Amino acid sequence: MRKLKTAIIGTGFMGKVHSENVRRLGNVEVAAVAGSSGARAKAFADSIGVDNSTGDYRTILEDKSIDAVHVLTPNALHFPVTMAALEAGKAVLCEKPLTLDAGEARQMLDLAEKKGLAHCVQHNLRYYPVVQHIRQMIAAGELGDILIVQGTYSQDWLLYDTDYNWRVEKGPNGALRAVGDIGSHWMDMIQHLTGLKITAMCAELATFHKTRRKPKHSVETFTGKTLRAEDYDEIPVETEDFGMVLLHLGGRARGAYTVSQMSAGNKNRFAFEIYGTRGGAQWNQERPDELWIGNRNSPNQVIVKDPSLLRGPAQGFADLPGGHSEGYDDSHKQVFKRFYAKVADPSAPVDYPTFADGLWGMHLLGKVLESATKRAWVDC
Ligand code: SOE
């Protein structure tokens, strides 16, 4: 089988996660790296052992031997980079939130479809093995009709006003920060699991730090704890630190979630609870191999990941035996495995999140903003 060639566009936290995990597939070579400058691209390429690096991603798009690109830039660049990559005939895997608004996402989806190219938005968190197990249980009706969904995606890496990242600024990030960055995952997950669409919402956003101190030099996601007072400039902040959203799903279900980047002690706590007419389920990303099942008339259970015990298709998302954790890195690998199967063979199934999911996600983020601005319920 021919080895596929891919390129990593973006040299931050996600550049590292994507390059490491796409290499685990074995049939995909990271052939090139693009960054915001030649120096950044080269430093990153050197760190992962790639010879070909550039400060101009268009150089990569001209290379006919490259099959696909990973768009891992700040959000504002997802649209121009993806459109150029599709025009150049590359399959595109883009980080979330897909774009700055639904209009851009619509254009990306239309172009990918017109060109007949594989397209994917990186909602990797769907693909923890026990999460897929609960999806199968829900599909089989074991939780009954879904009534209530609730949860949070909470982190603490932006707790202090000295914590800074490009996401804090509207320009590179877009208008929604916490809800765009991690609320997008929560909404995608809950719809993926229940099969229900969000039909209405009421959102409120809060910016606790009206100004933040921006380091004079760039700081990577989840870092920045080692700087001193003289290393900063004070900047105004327009994006939210916290969001709370009430939801209607389908015709009957109701729910609520919070999103925070300022909840002390929560490192990457993506938690959901789903309750139906027959049973409930809870999961927390910080304990990824465990799934709690709640029963009304029999003892509750904690299911620990073991591929041989997972329900049907969920087994395909576990590559290690029971007792061997599969976590964040593995969830990325599961998306890549399916996306590159499609790149290699256009007749392969689309069993990964596409730009259509990303477009719906951007539509919902637009509704969050609309509801919070109007201080009112909005239909989706
Ligand atoms: C930062 O908040 C971040 O890296 C997100 O961008 C990811 O999508 C999330 O999975 C982990 O946290």
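**Ligand shell, nonpolar core and selected backbone sites**

Pro-97 sits in the loop that runs between β5 (91-94) and α5 (102-115). The model described here is predicted. The peptide bond leading from Lys-96 into Pro-97 is cis. Its omega angle is near -15°. Lys-96 is also one of the residues that come nearest to the ligand. It thus links this backbone feature to the ligand shell.

The shell around the ligand was examined next. It holds 14 residues. Those that come nearest are Lys-96, Tyr-153, Gln-155, Asp-181 and His-185. Three of these side chains are described here by their polar atoms. In Lys-96, a polar side-chain atom is placed 2.8 Å from a ligand oxygen. For Gln-155, the distance between a side-chain N or O atom and an oxygen of the ligand is 3.0 Å. For Tyr-153, the corresponding distance from a side-chain N or O atom to a ligand oxygen is 3.2 Å. Each of these pairs falls within the 3.5 Å cut-off for a polar contact. The ligand taken alone exposes 310 Å². The protein buries 98% of that area.

What is the make-up of the shell around the ligand by class? Seven residues are nonpolar, four are polar and three are charged. Two helices, α1 (13-23) and α8 (178-194), each supply at least two residues of the shell. The most comes from α8, which gives three residues. The shell also draws on two domains. Domain 1 (4-124 + 348-353) provides at least three residues, and domain 2 (129-323) likewise provides at least three.

Where does the largest nonpolar core lie with respect to domain 1 and domain 2? This core contains 72 residues. Val-69, Ile-134 and Phe-272 touch the most other members. Helix α8 contributes the largest share of the core, with eight residues. Residues of the core come from both domain 1 (4-124 + 348-353) and domain 2 (129-323), so the core lies between the two domains. Helix α8 therefore appears twice in this account: it gives the largest share of the core, and it gives the most to the shell around the ligand.

Two helical residues have no relative accessibility. Ala-178 belongs to α8. Its relative accessible area is 0%, so Ala-178 is buried. Along the chain, Ala-178 and Ser-154 are 24 residues apart. Their C-alpha atoms are separated by 9.1 Å. Thr-82 belongs to helix α4, which spans residues 78-87. Thr-82 has a relative accessibility of 0% and therefore counts as buried. A polar atom of the Thr-82 side chain lies 2.6 Å from the backbone oxygen of His-78.

Two arginines were compared with the cut-offs for burial. Is Arg-126 buried or exposed? Arg-126 occupies the loop between β6 (119-121) and α6 (129-139). Its relative accessibility is 7%, so Arg-126 counts as buried. Arg-126 and Asp-188 are 62 residues apart in sequence. In space, their C-alpha atoms are 8.2 Å apart. Arg-213 lies in strand β9, residues 211-215. At 28% relative accessibility, Arg-213 counts as partly exposed, because the buried class ends at 20% and the exposed class begins over 50%. The C-alpha atoms of Arg-213 and Tyr-160 are separated by 9.2 Å. Along the chain, Arg-213 and Tyr-160 are 53 residues apart.

The final region includes α10 (355-374) and β17 (378-379). The loop between these elements holds Arg-375. Arg-375 is not a glycine, yet its phi is positive, at about 55°. With 69% relative accessibility, Arg-375 counts as exposed. Val-378 is located in strand β17. Its relative accessible area is 5%, so Val-378 is buried. Val-378 and Met-201 are 177 residues apart along the chain. Their C-alpha atoms are separated by 5.6 Å.

Notes
Residues numbered from 1 in each chain as written. Predicted model: local features only at pLDDT ≥ 70, side-chain atom pairs only at ≥ 80, totals over all residues. Heavy atoms only, no water. Near = heavy atom within 4 Å. Polar contact = N/O pair within 3.5 Å; in protein donor to acceptor, adjacent residues only side chain to side chain. Areas by Shrake-Rupley, 256 points an atom, 1.4 Å probe, with all protein chains shown as cover. Helix = DSSP H or I, 4+ residues; strand = E, 2+ residues; numbered from the N terminus. Nonpolar A, V, L, I, M, F, W, Y, C, P; charged D, E, K, R; others polar. Domains from an automatic or database assignment. Core = buried A, V, L, I, M, F, W, Y, C linked by side-chain atoms within 4.5 Å. Buried < 20%, exposed > 50% of the residue type's maximum accessible area, 1.4 Å probe, protein only.
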